[in-house]
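Work through the exercises below with the sequence and the coordinates at hand, and try each task before reading its solution.

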Amino acid sequence: RAYDIVFFNYFLMANFVIASIFYFLLISKFINNTLLILFLSLCVPWLSPMVLKLGGHMNLSLSSIILLTYLLLAKFIEYAYSNVRQIYTALTLTAVVTISFFIHGYYLFILSFLTFFFFFFSALFNKKPKYLLYSLVVPAMCFLLCQFALKFIDQQYYERSTHVIGLGFDEWEMSIVGFFTPYLHSTFRFFLPYDYPFNLEARAYLGAGFIVSIALFCFCRLFTVLYKKTIKEAATSFKNIIKSNILLSTFLLTAFFLAVMSFGDGGYAFHTQHHVYNYLNPLFILQKIKPEFGHIRFATRFQYPVLFVVYLLVAVVLQHLWGTKKKSALIIFTITIFLIALDTHDQIAVQSMPFNLFSNREIERGLNDLPFVNFEQYQALLPIPYTYVGSENIDSTIETDDDFLYKTFQLSIHSRLPLMSSQMSRTPEYQNAKLVEMILNGKPDRLILEKLNEK
């Protein structure tokens with residue numbers, strides 16, 4: 001029975017508790033309104049596009065890993081008076097990034113570039129050239145440690161395909177519209193079409209609270225400029241927010257360049273035939289030096305850390321609005337809080353749907369017509385039609401109907417037998433070829449027989 005799925009669900013849910021704690025600690029470095037800090041720390045982890053990964057690639061939903069990285073970077077700056085503490089923090093950061101790679105490989109790339117940009121801009125803002133060294137050493141150590149570990153623990157390391165594809169696929173790149181287009185389950189939708197035809201992976205909705213509050217804030221400032229002639233006063237408040245907090249400015253620039261990286265290698269400007277290359281994306285440059293850097297298939301995932309920084313800015317603006325005690329400011333504050341709560345409700349509601357294909361009840365229902373089979377006599381399941389989605393090579397990919405695929409997963413959980421087919425398990429192509437030959441020839445290859453027992 002699939003009770004282990006229950007524990008995995010608890011593990012995923014625990015991420016939201018931990019993420020809220022980390023975000024509480026992070027926001028506390030920028031504002032001091034306890035109720036506002038508590039509200040945002042409970043809501044923002046649910047607004048992250050990483051929540052959508054609970055429907056697939058579940059390990060990519062662990063936003064607490066990104067927030068822990070932000071906290072360590074903030075601690076590094078706080079320890080500016082102590083070289084020893086900064087070194088310890090940098091080593092801890094290296095350990096976090098390296099370990100996260102074994103949770104999901106994309107964390108290595110996301111967090112390494114997050115670290116690189118943060119140290120780089122910290123060196124400029126704080127006028128400390130030694131931070132430039134950290135910007136290179138920490139990511140390099142993470143990559144080397146991961147590669148070193150893989151060579152020892154991954155028996156298939158040298159068997160993987162050397163053919164590199166990924167960077168440059170339009171459907172796996174972000175667009176500016178993707179940051180402002182609501183999800184299908186969003187209650188509050190804008191003038192932008194919510195059914196905009198692009199991959200859900202390329203959608204990172206910043207939320208109605210952010211968009212409406214910024215629009216109202218800008219409108220009020222524009223009204224002030226046009227009718228009160230106080231241009232200097234209108235520009236001062238927002239400028240002071242940024243200038244008075246170097247850490248926030250560093251986070252904002254870091255988030256901006258990660259967002260730029262999520263656009264991939266470029267695209268066609270404003271749906272014209274004019275192609276614009278993304279020279280601000282380090283991967284675009286690095287892949288020309290070492291092609292393996294072009295293996296980042298989903299450039300969209302570089303935007304995962306962006307929303308958390310955006311809402312740090314929202315937190316600072318909201319506290320500023322609350323502090324003014326002006327009627328217009330309090331109206332914007334109230335509307336923003338309401339919309340953030342509404343977006344959070346929508347995200348929780350869509351993730352709390354009771355239907356779960358892999359619950360014990362659904363497995364029993366899905367397999368109710370299954371004849372009696374003594375599964376103890378078998379050691380694995382070989383589904384026919386056979387399916388293989390296990391490498392980055394599209395030519396060797398064999399897909400099947402989703403309903404049949406779900407049945408095979410349910411049967412695997414019910415029987416406690418592994419599947420010999422592959423669905424996103426990153427298996428070497430030659431193993432797939434041997435399994436296909438076994439089906440065609442009616443008998444296992446020698447390499448397969450060596451892996452099997454006497455059952």
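The exercises that follow go from the whole chain to a helix pair, then to charged side chains, and finally to single residues and backbone geometry.

The model is predicted, so that local features need pLDDT of at least 70 and side-chain atom pairs count only at pLDDT 80 or more, while totals for chains, interfaces and linings use all residues. Residues are numbered from 1 along each chain as its sequence is written, and side-chain values use heavy atoms, with hydrogens and water left out.

**Exercise 1. Describe the protein chain by its secondary structure, burial, contacts and surface.**

Step 1. Helices (DSSP runs of H or I, at least four residues) and strands (runs of E, at least two) are numbered from the N terminus, and the protein chain has 16 helices and four strands.

Step 2. Burial is judged by relative accessible area with a 1.4 Å probe and protein chains only, where buried means under 20%, exposed over 50%, and partly exposed in between; of the 455 residues of the protein chain, 45% count as buried.

Step 3. With contact taken as heavy atoms within 4.5 Å, consider the contacts between residues at least 6 apart in sequence, of which 72% join residues at least 24 apart.

Step 4. By the Shrake-Rupley method with a 1.4 Å probe, the accessible surface of the protein chain comes to about 24400 Å², and 66% of this belongs to carbon and sulfur atoms.

**Exercise 2. Characterise the packing of helices α4 and α6.**

Step 1. Two packed helices are described by the angle between their axes and the distance between the axes. The axes are lines fitted to C-alpha atoms over the stretch in contact, and the angle, which runs from 0 to 180 degrees, is taken between N-to-C directions.

Step 2. For α4 (residues 83-101) and α6 (residues 130-153), the axes come within 9 Å and cross at roughly 35 degrees.

Step 3. The crossing of α4 and α6 is right-handed, a term used when the near helix is turned clockwise from the far one by less than a right angle.

Step 4. The residues of α4 that meet α6 include I87, L91, V97 and F101, and those on the α6 side include Y134, V138, M141 and L145. By class, the contact of α4 with α6 has 14 nonpolar, four polar and one charged residues, where Ala, Val, Leu, Ile, Met, Phe, Trp, Tyr, Cys and Pro count as nonpolar, Asp, Glu, Lys and Arg as charged, and the others, Gly among them, as polar.

**Exercise 3. Find the salt bridges and say how they are linked.**

Step 1. Side chains of opposite charge can pair when their charged atoms come close. With a salt bridge defined as a side-chain nitrogen of Lys or Arg within 4 Å of a carboxyl oxygen of Asp or Glu, the count comes to two.

Step 2. One salt bridge joins the side chains of E78 and K29, at 2.6 Å from N to O. Because E78 lies in helix α3 (residues 63-78) and K29 in the loop between α1 (3-27) and α2 (34-47), this pair ties together parts that are 49 residues apart in sequence.

Step 3. K75 also forms a salt bridge with E78, and here the closest N and O atoms are 3.6 Å apart. K75 and E78 are three residues apart in helix α3, so they are separated by about one helical turn.

Step 4. K29, K75 and E78 are thus linked in a network of salt bridges. For accessibility, E78 is partly exposed at 36%, K29 is partly exposed at 28%, and K75 is partly exposed at 34%.

**Exercise 4. Compare the surroundings of N15 and W322.**

Step 1. N15 is placed in helix α1 and is buried, with a relative accessible area of 3%. Apart from neighbours within four places in sequence, N15 is in contact with S61, L62, S63 and S64.

Step 2. W322 lies in helix α11 (residues 306-324) and counts as partly exposed at 38% relative accessibility. Apart from neighbours within four places in sequence, W322 is in contact with N33, L330 and F333.

**Exercise 5. Locate the backbone features at P385, K127 and R416.**

Step 1. A cis peptide bond, with omega about 10 degrees, joins I384 and P385, and P385 lies in the loop between α13 (360-366) and β3 (388-389).

Step 2. K127 is not a glycine, yet has a positive phi of about 55 degrees; K127 is found in the loop between α5 (106-126) and α6 and is exposed at 73% relative accessibility.

Step 3. R416, likewise not a glycine, has a positive phi of about 60 degrees; R416 is in the loop between α14 (402-415) and β4 (422-423) and counts as exposed at 64% relative accessibility.
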